[in-house]
Amino acid sequence: MRSVEEHQRVVRGLLGSTPVTSSPTAAAVGRALADDVRAPVPLPGADSSSMDGYAVRAADVAAAAAGAPVVLPVVDDVPAGRVDVAPLEPGTAQRIMTGAVLPPGADAVVPVEATDRGRDRVAVHEPREPEAHVRRTGCDVAVGDVVLPRGTRLGSAQLGLLAALDVATVPVHAALRVLVVSTGSELVAPGQPAAPGQVHDANSTLVATTLREVGADVRVAQFVADDVEAFLALLDAETAPVGGAGDAGGAGGAGVDLVVTSGGVSEGAYEVVKDGLTAAGRGGEVEFTKTAMQPGMPQGAGRYRGVPVVCLPGNPVSAFVSCEVHLRPAVLAAQGHAVTSRPRVRLTLAEPLRSPAGKLQLRRGRADLAAGTVRPQGEAASHFLGALALADCLVVLPEHVTEVAAGEQVEVWLLV
Ligand SMILES: Nc1nc2c(c(=O)[nH]1)N[C@H]1C(S)=C(S)[C@@H](COP(=O)(O)OP(=O)(O)OC[C@H]3O[C@@H](n4cnc5c(N)ncnc54)[C@H](O)[C@@H]3O)O[C@H]1N2
Ligand code: MOO
């Protein structure tokens, strides 16, 4: 039986790295930076005020007190956006707004709350230290700082920063192009009626969504029946070279960097994926193996006509957990992400759990982060899609563990 770590390495090794492209910054959401980004300009770009108030010289208001205000003439008005700010003469104040340029010569801002809010003259009731409510040029980001290191996922805060720095394009790893193929003669497309014995195809949606959530460019093929010829005909059509396209992992110029199948990998009579990809002379170089994991024991990985193929078990919970353990981290890494795992925390188990010896078990759970606890959600069996959908975490029971009592600590992967 193959260890989970070994199969993770095999899957990761198949995918290589996607090409680096230059993306308009606003379109780069969810992508990973392929290089460090350095600040071309400082933030803030000018000395400015962090409060609505009066720009002053701190020394001029040092004697201000509740019953004995310092009164200064207000000689100018500086709203945010004004670019012709005049120097501040000693013994004067300028009314200033948050974000407005600090007049040269001013070294503090007195907030309006500490004044009588005067327009021509202002009575200042409290002193302020030098630098009070002043934002100095570059105090947030200095020119040349590495503001975002290579491998950073670009989310709202990162894209907001790049917009503030007027960085118009960024080097990012392209999306991995994935084809999802579900197999099974029992499958029916959602939207079509299912007779007893038929099941609606859940895995295409489940697998495609997992991979789209990490930025892959996913296409779902029409699922195929347990028919080796039909399965291989689909793969032939989908992995045929198109020429000139990017090549993430030695895909030989095909328009797809990875094929993910579900179903047909275990021990029965109609194992279409296993049979098709191990048939002599048919172009498959895929190894099928049992891994020390539950759910998700049977797995396959290799290449079909040079294109990486990862074969997931058909049970929906097994397919989900296989994505979490093997595919999701590998796809993130191939797309250049520095962080490839879910957030991992240790929580107190609310109910006892058992686990098969020698297997990594990933149970579904609901985490209460405020209480520091996790409660198992549903049973261990890998067809309980209802319980999976209510779970917000996976509870990790390592290979050597057979029992965990309520009250003990367990590792939890947060599905956030
Ligand atoms: N004799 C043995 N039988 C089984 C073994 C074993 O070692 N020896 N392993 C079991 C384990 S563990 C798993 S996991 C499954 C894996 O089976 P397959 O990958 O061959 O999947 P199927 O047989 O095609 O389907 C299993 C199950 O999942 C349902 N399914 C499949 N595809 C979908 C889909 N797209 N959407 C919704 N549901 C799907 C399918 O109807 C079956 O109920 O094998 C065990 N058996
Ligand atoms: O290993 Mo299977 O994936 O439990 O159900």
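Start at ligand 1, where an oxygen atom sits 2.6 Å from an N or O atom in the side chain of glutamate 186. Bear in mind that this is a predicted model, so read the distances here as computed ones. Two backbone contacts join that side-chain one. Alanine 202 puts a backbone N or O atom 2.9 Å from a nitrogen atom of ligand 1, and a polar backbone atom of glycine 314 is 2.9 Å from an oxygen atom of the ligand. Altogether, the protein covers 68% of the 880 Å² of accessible area that ligand 1 has on its own.

Now widen the view a little. Ligand 1 is surrounded by 23 residues, and Glu186, Asp201, Ala202, Glu271 and Gly314 are the closest. What sort of residues make up this shell? Ten are polar, eight nonpolar and five charged. If you'd like to trace the shell through the secondary structure, look at strand 14 (199-200) and helix 6 (316-334), each of which supplies at least two of its residues. As for the space that ligand 1 takes up, that's the largest pocket.

Step back once more and the chain falls into four pieces. Domain 1 is put together from three stretches, 4-19, 174-243 and 250-335, while domain 2 combines 27-40 with 143-172. Domain 3 runs over 55-135, and domain 4 takes in 344-414. How far apart are the C-alpha centres of domain 3 and domain 4? They lie 59 Å from each other.

Definitions and conventions. Residues numbered from 1 in each chain as written. Chains lettered and ligands numbered in written order. Predicted model: local features only at pLDDT ≥ 70, side-chain atom pairs only at ≥ 80, totals over all residues. Heavy atoms only, no water. Domains from an automatic or database assignment. Near = heavy atom within 4 Å. Polar contact = N/O pair within 3.5 Å; in protein donor to acceptor, adjacent residues only side chain to side chain. Areas by Shrake-Rupley, 256 points an atom, 1.4 Å probe, with all protein chains shown as cover. 1 Å grid on protein atoms, 1.4 Å probe; cavity = no way out; pocket = protein on both sides within 12 Å on 5 of 7 lines; lining within 4 Å. Sits in = over half its atoms within 2 Å of the grid points. Helix = DSSP H or I, 4+ residues; strand = E, 2+ residues; numbered from the N terminus. Nonpolar A, V, L, I, M, F, W, Y, C, P; charged D, E, K, R; others polar.
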